[in-house]
Each structure stands twice: as C-alpha cells, then as structure tokens.
Amino acid sequence: MAGGGQAAVSFLTKVAKVAAGLGLTASAVSTSLYTVDGGQRAVIFDRFQGVLPAVVSEGTHFLVPWLQKPFLFDIRTRPHSFSSTSGTKDLQMVSLTLRVLARPDVERLPEIFTNLGLDYDDKVLPSIGNEVLKAVVAQFNADQLLTDRPHVSALVREALVRRAGEFNIVLDDVAITHLAYGNDFAQAVEKKQVAQQEAERSRFLVARAEQERRAAIVRAEGESESARLISDATALVGNGLIELRRIEAAKEIAGVIARSPNVSYIPSGNNGQMLLGLSTAR
C-alpha cells in the first residue's frame, strides 16, 4: 500500500509539473502574439532598438515578450470639427466652423508615433486649422466671404492640406460648414440692404415720372397735331366736319339715354309740358 501511495504521489507530481509547463507555455505564447484588426496598423516599440521602422499590417503576429510592445493606429478616415473666430481685412470679426476628414500616412506611422504619439490628430489639426483659417480670412473683406465662398474654401483646403502634410496627415476633405458675423456687422448689412432697396425705389419713381412726362409730351403733341389737322380741314371745307362730329356725339348720347331705364326725357317744346297720353281738352 505504501508503494502504491508513493506511485500515486509521483504521478500526480508529474501531472502537476506538466500542467504547470503547459500553463507557462500557453502564457508565453499568448504574450508573444498580438492581433491587428481591419482598418488598423501596428507600430512596434523595442526596448533596445526603439520604434521599429516597419509597419505591421492586419492579422496575428509574433513579438518578443517584455522586449517588444505593439501600438495600434486606426488608419480609417475620421471627421474632425473645430471653430475659429478671425478678423477680416476690413476688421470685422467672423466665426467659422471647419470640418475635415483626416487619416494618417500609413508609411509614416513610425515617424508619427515617435513625434506625436497615438493622439496625433487632436494635437495637430485644431492648431493648424485655426492658423490657416485666420491667415485666409484676413485676406478678404467680410462681404467677400459670402460672395467668394468657393474661392475661400479652396484656399483653406489648399493651405490646410499642405500644413497637414508636414505632419504626415492626409486630408480627404475640407469644408467650411458654418460662417457667422458679429451683431454690429449684421446690423450694418441690414441697414445697407434697406438703403439699397430705398435707392432702387427712388430710381423706379424717377423712371416712372420720366415715362409719364414723355407720355404727356406725346399726348400733347398728338392733340396739337389733331387740332391742327381739324383746323386745316375746317379752313378748307368749312364747318361740315364739326357738324358731323356734333351729330355723331348727339347720336351716341341719345343711344345711351335710350338704353337707360332710369332716365326720362322731357321735350322742351309745347311750353315745357309733356302730355303723357292725356288730352288737355275738357
């Protein structure tokens, strides 16, 4: 029995050693493996060599435990928005909001990690965005920011892409999403619009008066020409034309009176009396 107990203890000891070895091996394997997910890249930091120049792509990879450590970068395009209050060329204050779609330059990830770290975009984009906005806005008057907005956006995009490239950041899109002026400028614009509308109204009234004056001149000239023709015709053939016009006017008046049910005609003859169908004889 004693020999059997010693054999069991020896067997259990061996099993424990094997299990411990397997556990240590599994732990070593797990610490020497790391996974890079889709849309990510990894940069390896080596305790002796520093940041390694190679960029690790997607998949599961090996490293030396304790000696090496992976740092994962998200290389997908991400939106960033920031606001800036800038002065225009005519000393008006304007508030702008800029939206950019940014991603890192994959080939330069080791350099980005060495100089900026994992939060490179939060360190760089707001500062260069404000710098570019102030520089571009200062080249235009306040009203030009509205009338030349595509040109302003193009200048902002060009300058911002160039500045971000100095930090190995790629910008896929740059857009001005909001633009607002101060209260003083807004009131000045409103007053200017009112003044322009009043000026347009005054010009319309002047133009209408000029047209009415010309129409009056034309009418007067027409009436004068008509009177001259009538005078010439009267001098040539007598008063026949005037009598003809008088007859035509009388005919027209008589027709109007005859068609009106509320008008009675009392002839002037017979001492101003109208018999109305009654005989005066007794």
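Begin by selecting Leu 101 together with Asp 173 in β8, since Asp 173 is the bridge partner of Leu 101. The model is predicted, so local features are given only at pLDDT of at least 70 and side-chain atom pairs only at pLDDT 80 or more, whereas totals for chains, interfaces and linings use all residues. Residues are numbered from 1 along each chain as its sequence is written, and side-chain values use heavy atoms, with hydrogens and water left out.

**The sheet around the starting pair**

Widen the selection to strand β7 (residues 93-104) and β8, which pair in the antiparallel sense over 11 bridges. Strands here are DSSP runs of E of at least two residues and helices are runs of H or I of at least four, both numbered from the N terminus; two strands count as paired if DSSP finds at least two bridges between them. Adding β6 gives an open sheet of 3 strands in the order β6-β7-β8, with antiparallel pairing. Its edge strands are β6 (78-87) and β8 (169-181), each of which pairs on one side only, and the twist from one strand to the next averages 20°. That angle is taken between axes fitted to C-alpha atoms (for helices, over the stretch in contact), on a scale from 0 to 180 degrees between N-to-C directions.

On the other side of β7, follow the pairing with β6, which is antiparallel over 10 bridges; here Ser 83 stands opposite Thr 97 in β7. The two strands form a hairpin with 5 residues between them, and in the turn Leu 91 has a positive phi of about 65°.

**Two helices across the sheet**

Next, show helix α3 (residues 120-137), which lies across β6, β7 and β8 and runs at about 35° to β6. Helix α5 (residues 149-165) lies across β7 and β8, running at about 140° to β8.

Select Arg 163, found in helix α5. Its side chain makes a polar contact with the side chain of Glu 131 at 3.1 Å; a polar contact is a pair of N or O atoms within 3.5 Å, where within protein one must be able to donate a hydrogen and the other to accept it, and residues adjacent in sequence count only if both atoms are side-chain atoms. Leaving aside neighbours within four places in sequence, Arg 163 is in contact (heavy atoms within 4.5 Å) with Ile 128, Glu 131 and Val 132.

**The nonpolar cores**

Which residues have the most contacts inside the largest nonpolar core? They are Leu 98, Val 100, Leu 125, Val 156, Leu 160, Ile 169 and Leu 171, in a core of 34 residues. At least two residues of this core come from each of β5 (68-74), β7, α2, α3, α5 and β8, and the largest share, 8 residues, comes from α3. A nonpolar core is a set of buried Ala, Val, Leu, Ile, Met, Phe, Trp, Tyr and Cys residues joined through side-chain atoms within 4.5 Å; buried means under 20% relative accessible area, exposed over 50%, and partly exposed in between, with a 1.4 Å probe and protein chains only.

Centre the view on Leu 171, which touches Val 100, Leu 101, Ala 102, Leu 125, Leu 160, Val 161 and Ala 164, not counting residues up to four places away in sequence. Apart from the largest core lies another, of 7 residues, among them Val 36, Leu 52, Val 56 and Leu 63.

**The second sheet and Leu 109**

Now move to the open sheet of 3 strands in the order β3-β2-β5, with antiparallel pairing. Strands β3 (50-56) and β5 stand at its edges with a single partner strand each, so one side of each is left without a neighbour in the sheet. Strand β2 (residues 40-46) pairs with β3 over 4 bridges in the antiparallel sense, and Ala 42 stands opposite Val 56 in β3.

Select Leu 109, which lies in helix α2 and is buried, with a relative accessible area of 0%. Not counting residues up to four places away in sequence, Leu 109 touches Arg 41, Val 43, Val 55, Phe 73, Ile 75 and Pro 104. Leu 109 and Phe 73 are 36 residues apart in sequence and 8.0 Å apart in space, C-alpha to C-alpha.

**Colouring by confidence**

Finally, colour by pLDDT, the predictor's confidence in each residue from 0 to 100. The protein averages 81, and 77% of the residues score at least 70. Confidence is lowest in helix α1 (residues 2-31), at a mean of 61, and highest in helix α2 (residues 109-115), at 95. Over residues 274-282 pLDDT stays under 50, and the model has 4 contacts beyond four places in sequence for them. Where pLDDT is low, the predicted coordinates should not be read in detail.
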